[in-house]
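Grab a pencil and work through these exercises with the structure open beside you. Try each task on your own before reading its solution.

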Amino acid sequence: MKLVFATNNKNKLKEVQALVPSTIQIISLSDIGCNEDIPETSPTIEGNAKQKALYIKEHYGYDCFADDTGLEVEALDGAPGVYSARYAGEDKDAHANMDKLLKELEGKPSRKAQFKTVIALTTHGELKSFTGICKGTITESKKGEKGFGYDPVFLPDGYSQTFAELLLSEKNKIGHRGQAVQQLIEHLS
Ligand code: IMP
């Protein structure tokens, strides 16, 4: 089975490819000739995932799945949430985003946070969604070189290493995207 994953983010592709069985072949947006920025204008993570999946179905004709992820920080009332990519500005700079987050959390009593991923799937004229959540805390400083985005400042509950210090297989086992992908795989099989 071939399925388009509505992303050109190499890190996300790597994570998802490592999870799906060999019977499912993941195709990226560049593989279908799509190199444009897909609109993500919804005020919710769920809404953005659905918007991306429907956009590809409508404009390129492929059944596909899309993910949208946000980091929700308790002491910041759920921010940056759906605005995680552009938290520190339009250039989506991961280090600037983390620097801003660490600054905003200075002196705050709670550093609890969670990653939330919603995967939206369009197949046979239907739209389904799957949600994965990973709870943890925001560290005082960046640690680790692996992963992407906010991984160097996210310490998953029960672990002493950030997502950026863990192996991809470990992040996938407990992570938000991994959980949502497992539900997607169960649905597809
Ligand atoms: P997106 O809109 O799903 O691409 O992601 C929104 C923001 O969350 C981007 O800044 C990403 O770098 C960040 N992000 C998404 N997934 C992860 C992850 O697994 N770890 C760390 N940051 C992530």
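A quick definition to start: a residue is called buried when its relative accessible area is under 20%, exposed when it is over 50%, and partly exposed in between. Keep in mind that this is a predicted model.

**Exercise 1. Sort by cover**

Task: Decide whether Ser42, Lys52, Asp77, Lys92 and Arg86 are buried, partly exposed or exposed.

Solution:
- Step 1. Start with Ser42, which has a relative accessibility of 17% and is therefore buried.
- Step 2. Lys52 has a relative accessible area of 6%, so this lysine is buried.
- Step 3. Asp77 comes out at 76%, so call this residue exposed.
- Step 4. Lys92 has 38%, which means partly exposed.
- Step 5. Arg86 has 35% relative accessibility, so Arg86 is partly exposed.

**Exercise 2. Follow two side chains**

Task: Find out which backbone atom the side chain of Ser42 reaches, and do the same for the side chain of Lys52.

Solution:
- Step 1. Locate Ser42 in the loop between strand S2 (25-27) and helix H2 (45-60).
- Step 2. From there, its side chain gets to the backbone nitrogen of Thr44, at 3.1 Å.
- Step 3. Now move along to helix H2, where Lys52 lies.
- Step 4. The Lys52 side chain reaches the backbone oxygen of Asp67 at 2.8 Å.
- Step 5. For a polar contact, the two N or O atoms have to be within 3.5 Å.

**Exercise 3. Look for backbone oddities**

Task: Which peptide bond is cis, and what is the sign of phi at Asp77 and at Lys92?

Solution:
- Step 1. Check omega from Ala79 to Pro80: the value is near -5°, and the bond is cis. Pro80 belongs to strand S4 (residues 80-81).
- Step 2. Go to the loop between S3 and S4, where you'll find Asp77. Phi there is positive, about 55°, even though Asp77 is not a glycine.
- Step 3. Then try the loop between S4 and helix H3 (94-104), home of Lys92. Lys92 isn't a glycine either, yet has a positive phi of about 50°.
- Step 4. Arg86 is also placed in the loop between S4 and H3. The C-alpha atoms of Arg86 and Asn97 are 7.5 Å apart, with the two residues 11 apart along the chain.

**Exercise 4. Explore the ligand site**

Task: Where does the ligand sit, how many residues surround it, and how much of its accessible area does the protein cover?

Solution:
- Step 1. Find the largest pocket; that's where the ligand sits. Strand S3 (64-73) and helix H5 (176-188) are the elements that each give two or more residues to the shell around the ligand.
- Step 2. Count the neighbours: 14 residues surround the ligand, and the closest are Lys12, Asp151, Lys171, His176 and Arg177.
- Step 3. Sort the shell by class, and you get six charged, four polar and four nonpolar residues.
- Step 4. Look at some contacts. A polar side-chain atom of Asp68 is 3.1 Å from a ligand oxygen. Thr69 uses a backbone N or O atom, 2.9 Å from an oxygen atom of the ligand. In the side chain of Arg177, an N or O atom lies 2.7 Å from a ligand nitrogen.
- Step 5. Finish with the area: on its own the ligand has 480 Å² accessible, and the protein covers 89% of that.

Key:
Residues are numbered from 1 along each chain as its sequence is written. This is a predicted model: local features need pLDDT of at least 70, side-chain atom pairs count only at pLDDT 80 or more; totals for chains, interfaces and linings use all residues. Side-chain values use heavy atoms; hydrogens and water are left out. A residue is near a molecule or strand if one of its heavy atoms lies within 4 Å of it. A polar contact is a pair of N or O atoms within 3.5 Å; within protein, one must be able to donate a hydrogen and the other to accept it, and residues adjacent in sequence count only if both atoms are side-chain atoms. Accessible areas come from the Shrake-Rupley method with a 1.4 Å probe; for residues, only the protein chains shown count as cover. On a 1 Å grid over the protein atoms alone, a cavity is a set of points where a 1.4 Å probe fits but cannot get out, and a pocket is an open set with protein on both sides within 12 Å along at least five of seven lines; lining residues have an atom within 4 Å of a point. A molecule sits in a cavity or pocket if more than half of its atoms lie within 2 Å of its grid points. Helices (H or I, at least four residues) and strands (E, at least two) are DSSP runs, numbered from the N terminus. Ala, Val, Leu, Ile, Met, Phe, Trp, Tyr, Cys and Pro count as nonpolar, Asp, Glu, Lys and Arg as charged, and the others, Gly among them, as polar. Buried means under 20% relative accessible area, exposed over 50%, partly exposed in between (1.4 Å probe, protein chains only).
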